[in-house]
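Biologist: Got a minute to walk me through this one? Pull it up and we'll go piece by piece.

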Amino acid sequence: MIKYLGAAIALLAAVPASAETVIVTADRMIDVLSGKMVDHPAVTIVDGRITGIADARTIKFGGDVKHIDLGGKTILPGLIDMHVHLTSLAEIGGYRGLQYTDSFWSAVGVGNAKKTLDAGFTSVRNVGSSDFQDVGLREAIDGGWVQGPRITTAGYAIGATGGHCDNNSLPPSLDRKEAGVINSPEEARAKIRWLHKYGAQVIKICATGGVFSLGDSVGGQQLTLEEMKAIADEAHMLHLRVAAHAHGDEGIRTAILAGIDTIEHCSLASDETIKLAAQRKTWFSMDIYNDDYILATGTANGTEQESLDKEKMIGLKQRQTFQRAVRAGVRMVFGSDAGVYPHGDNGKQFAKMVEWGMTPIQAIRAATSDAAEALGKPEDVGAIAVGRYGDIVAVDGNPLTDVRVLERVSAVIKGGVQVK
């Protein structure tokens with residue numbers, strides 16, 4: 001703690017008198033970078049960013065410094081969910097969604113953002129929404145009009161005609177071309193430029209079929225290698241990263257070879273594809289909790305039987321794939337697919353990640369330091385460290401011995417402001 005104290009004193013001395021200074025104290029802090037527990041932390045936050053970490057027993061509080069004392073709790077970095085759909089509701093599935101006007105989904109996004117923040121997730125990657133709803137939500141949060149996490153936005157997801165990112169629920173008489181549909185590498189490049197123009201900060205593609213798309217094979221590949229490579233090249237030129245929805249092995253493998261940054265779901269990856277992912281250092285984002293919710297809910301929320309049958313087919317296989325990927329050393333991030341199950345329950349996935357092969361610190365890093373790296377923001381989020389945002393969550397107990405305590409976050413600080 002001596003080095004932390006020295007850094008804190010030096011940085012505080014350089015802070016302008018007008019800067020807002022907050023010091024957060026607690027009994028314990030998880031340093032996710034070292035994997036160690038730190039006793040009696042005092043985290044200094046100036047104008048939203050961490051400027052020092054010291055031993056609380058050495059600090060005298062007073063003056064204009066705001067002190068947030070979290071008592072006997074354990075603090076850790078604000079959590080990061082790399083796969084959410086804030087403008088979707090798990091409670092409304094299938095054709096029931098057509099009963100609501102378009103702007104309804106933007107409205108519920110506001111409530112979902114607050115639930116997500118209260119659950120301890122101070123950063124999320126929203127991988128797909130219609131009408132750039134996620135961009136508008138991000139702008140409202142960043143402007144202070146509503147409360148929610150820091151959002152990395154994708155806008156429309158890109159996919160092929162008739163694929164998972166197309167709308168296959170309507171008859172030909174009501175046919176329309178979805179905004180994210182492409183059918184060639186050239187169309188893919190143009191689509192990325194258009195998405196970037198209107199606020200996409202990450203590109204989401206649908207490389208294979210899916211559970212909740214009708215009429216397609218959940219594992220069938222839907223974009224060619226040439227299309228995926230064009231997407232990756234164009235996005236990377238614009239300094240955007242790419243996430244690929246992919247359940248089937250061929251689609252996963254093709255996405256890896258194309259240079260896609262993160263593969264979502266990864267349900268049916270073979271050992272050979274898992275080995276390739278480890279070699280290429282491709283990130284896997286696997287939503288291994290939501291199977292419980294989907295199967296328990298069945299068709300009660302409007303989900304079509306076809307989708308339920310797909311979930312029954314891949315749910316257990318996905319968890320077994322997760323286990324094999326962890327053992328093989330594939331880089332993993334926390335992605336819940338909240339919106340397929342209720343927002344605010346994101347933290348329930350931690351226990352599944354540990355049940356299926358991770359240690360608690362691995363699961364925590366998947367939602368903090370590792371997620372920050374995959375997001376391309378390791379200097380901003382993912383750790384309680386000097387220079388990063390003052391995003392902190394507090395829990396009762398020790399997540400390193402009982403990861404389930406992360407399901408019950410008792411305090412949330414975002415940018416030095418206590419929001420819960």
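**Helix H6 and onwards**

Modeller: Let's begin with helix H6 (residues 249–258), where Gly-251, Ile-252, Thr-254, Ala-255, Ile-256 and Ala-258 are buried. Buried is under 20% relative accessible area, exposed is over 50%, and partly exposed is in between (1.4 Å probe, protein chains only). Helices (H or I, at least four residues) and strands (E, at least two) are DSSP runs, numbered from the N terminus.

Biologist: And where does the model come from, what are the ground rules?

Modeller: It's a predicted model, with local features needing pLDDT of at least 70 and side-chain atom pairs counting only at pLDDT 80 or more, while totals for chains, interfaces and linings use all residues. Numbering runs from 1 along each chain as its sequence is written, and side-chain values use heavy atoms, leaving out hydrogens and water.

Biologist: OK, back to H6. What covers its buried residues?

Modeller: The cover includes helices H5 (225–237) and H7 (271–280), plus strands S12 (241–246), S13 and S14 (283–285). Right after H6 comes Gly-259, with a positive phi of about 95 degrees.

Biologist: Glycine, fair enough. Which residue other than glycine has a positive phi near 65 degrees?

Modeller: That's His-239, in the loop between H5 and S12. His-239 counts as exposed because its relative accessible area is 74%. Asp-47 also has a positive phi, about 50 degrees, without being a glycine. Look for Asp-47 in the loop between strand S4 (41–46) and strand S5 (49–55); at 54% relative accessible area, Asp-47 is exposed too.

Biologist: Switching to the inside. How many residues are in the largest nonpolar core?

Modeller: There are 77. A core here is a set of buried Ala, Val, Leu, Ile, Met, Phe, Trp, Tyr and Cys residues joined through side-chain atoms within 4.5 Å. Ile-203, Ile-205, Ile-263 and Phe-284 have the most contacts inside it. A separate core of 17 residues includes Val-43, Ile-384, Ala-411 and Ile-413.

Biologist: What does Ile-203 touch, skipping neighbours within four places in sequence?

Modeller: Counting heavy atoms within 4.5 Å as contact, the partners of Ile-203 include Ile-158, Ile-192, Leu-195, Ile-231 and Arg-241. Ile-192 sits in helix H4 (residues 185–197) and is buried, since its relative accessibility is 0%. With the same sequence neighbours left out, Ile-192 meets Ile-158, Ile-203, Ile-231, Glu-234, Ala-235 and Leu-238. The C-alpha atoms of Ile-192 and Leu-238 are 9.1 Å apart, with the two positions 46 residues apart along the chain.

Biologist: What about nonpolar stuff on the surface? Which residues form the patch?

Modeller: Tyr-95, Leu-98, Leu-170 and Leu-174, with about 380 Å² of accessible area together. The area is Shrake-Rupley with a 1.4 Å probe, and for residues only the protein chains shown count as cover. Patch residues have over 30% relative accessible area and no salt bridge; like charges are joined within 9 Å, nonpolar side chains (Val, Leu, Ile, Met, Phe, Trp, Tyr) within 5 Å. Leu-98 is in the loop between strand S8 (79–84) and helix H2 (103–118).

Biologist: Is Leu-98 buried or exposed?

Modeller: Exposed, because its relative accessibility is 54%.

Biologist: Charges next. How many salt bridges does the search find?

Modeller: The whole structure gives 19, each a side-chain nitrogen of Lys or Arg within 4 Å of a carboxyl oxygen of Asp or Glu. One of them joins Glu-264 and Arg-125 at 2.9 Å, N to O. That pair links distant parts of the chain, 139 residues apart: Glu-264 in strand S13 (residues 262–265) and Arg-125 in strand S9 (residues 121–126).

Biologist: Are those two ends buried or exposed?

Modeller: Glu-264 is buried at 0% relative accessible area, and Arg-125 is buried at 2%.

Biologist: Which residues are linked in a network of salt bridges?

Modeller: Asp-292, Arg-319, Lys-352 and Glu-355. Within it, Asp-292 and Lys-352 meet at 3.4 Å, N to O. Asp-292 is in helix H8 and Lys-352 in helix H10 (residues 349–355), 60 residues apart. Asp-292 is partly exposed at 30%, whereas Lys-352 is buried at 14%.
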